Amino acid sequence: MTNPSPELSSDDWRRICDALRYLGRDLHHRSFAVTDERRALLWQEMDLCLQLADRLAAEVVGRSD
């Protein structure tokens, strides 16, 4: 993966990863108050947010080595 915005620092990327993880947790929390169909959509989005956070975090660690 290439850095889409070279002007972002490693700390900026870590903040983005943290925000994605927070969003994933928030989606999970919200999913308990909706229908099963909506819950499945929220969990899918939660999984995508967490996967993206993991991918970005791995990229940041790889660049800092």
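A residue counts as exposed when its relative accessible area is over 50%, as buried when that area is under 20%, and as partly exposed in between. Keep those cut-offs in mind. This is a predicted model. Asp36 has a relative accessible area of 60%, so Asp36 is exposed. We will return to Asp36 after a look at helix H1.

Helix H1 covers residues 10-30. Its length can be checked. At 1.5 Å a residue, its 21 residues should span 30 Å. The C-alpha atoms at its two ends are 30 Å apart, so the expected span and the model agree.

Now look at which parts of H1 are hidden. Trp13, Cys17, Leu20, Gly24 and Leu27 are the buried residues of this helix. Look down the axis of H1: these buried residues fall within an arc of 85°, so they line one face of the helix. Turn to the face that points away from the buried side. There you find the exposed residues Arg15, Tyr22, Arg25, His29 and Arg30.

Next come the charged pairs. The whole structure holds six salt bridges. One of them joins the side chains of Asp11 and Arg14, with 3.7 Å from N to O. A salt bridge here needs a nitrogen within 4 Å of a carboxyl oxygen, so this pair qualifies. Asp11 and Arg14 are three residues apart in H1, which means that about one helical turn separates them. Neither end is fully hidden or fully open. Asp11 has 45% relative accessibility, so it is partly exposed. Arg14 is also partly exposed, at 38%.

Asp12 and Arg15 form another salt bridge, at 3.3 Å from N to O. These two also sit in helix H1, three residues apart, or about one turn. Their surroundings fall into separate classes. Asp12 is partly exposed because its relative accessible area is 25%. Arg15 reaches 52%, so it counts as exposed.

Helix H2 covers residues 36-64. Here we meet Asp36 again. Asp36 forms a salt bridge with Arg39, and their closest N and O atoms are 2.5 Å apart. The two are three residues apart in H2, so about one helical turn lies between them. Asp36 is exposed at 60%. Arg39 has 17% relative accessibility, so Arg39 is buried. This bridge therefore pairs an exposed residue with a buried one.

Some salt bridges join into a network. Asp18, Arg21 and Asp54 are linked in this way. Asp18 and Arg21 fall within residues 10-30, the range of H1. Asp54 falls within residues 36-64, the range of H2.

Finally, look at the loop between H1 and H2, where Ser31 lies. Ser31 has 0% relative accessibility, so it is buried. What does Ser31 touch, not counting residues up to four places away in sequence? Its contacts are Arg39, Leu42 and Trp43. Arg39 is the buried partner of Asp36 in the salt bridge described above.

Trp43 lies in helix H2. With a relative accessible area of 35%, Trp43 is partly exposed. Leaving aside neighbours within four places in sequence, Trp43 is in contact with His28 and Ser31. Compare its placement with that of His29: the two are 14 residues apart in sequence, and their C-alpha atoms are 9.9 Å apart in space. His29 belongs to the exposed residues on the face of H1 turned away from its buried side.

Terms used: Residues are numbered from 1 along each chain as its sequence is written. This is a predicted model: local features need pLDDT of at least 70, side-chain atom pairs count only at pLDDT 80 or more; totals for chains, interfaces and linings use all residues. Side-chain values use heavy atoms; hydrogens and water are left out. Helices (H or I, at least four residues) and strands (E, at least two) are DSSP runs, numbered from the N terminus. The expected span of a helix is 1.5 Å times one less than its number of residues. Buried means under 20% relative accessible area, exposed over 50%, partly exposed in between (1.4 Å probe, protein chains only). The arc is that of the directions from the helix axis to the C-beta atoms. Contact means heavy atoms within 4.5 Å.
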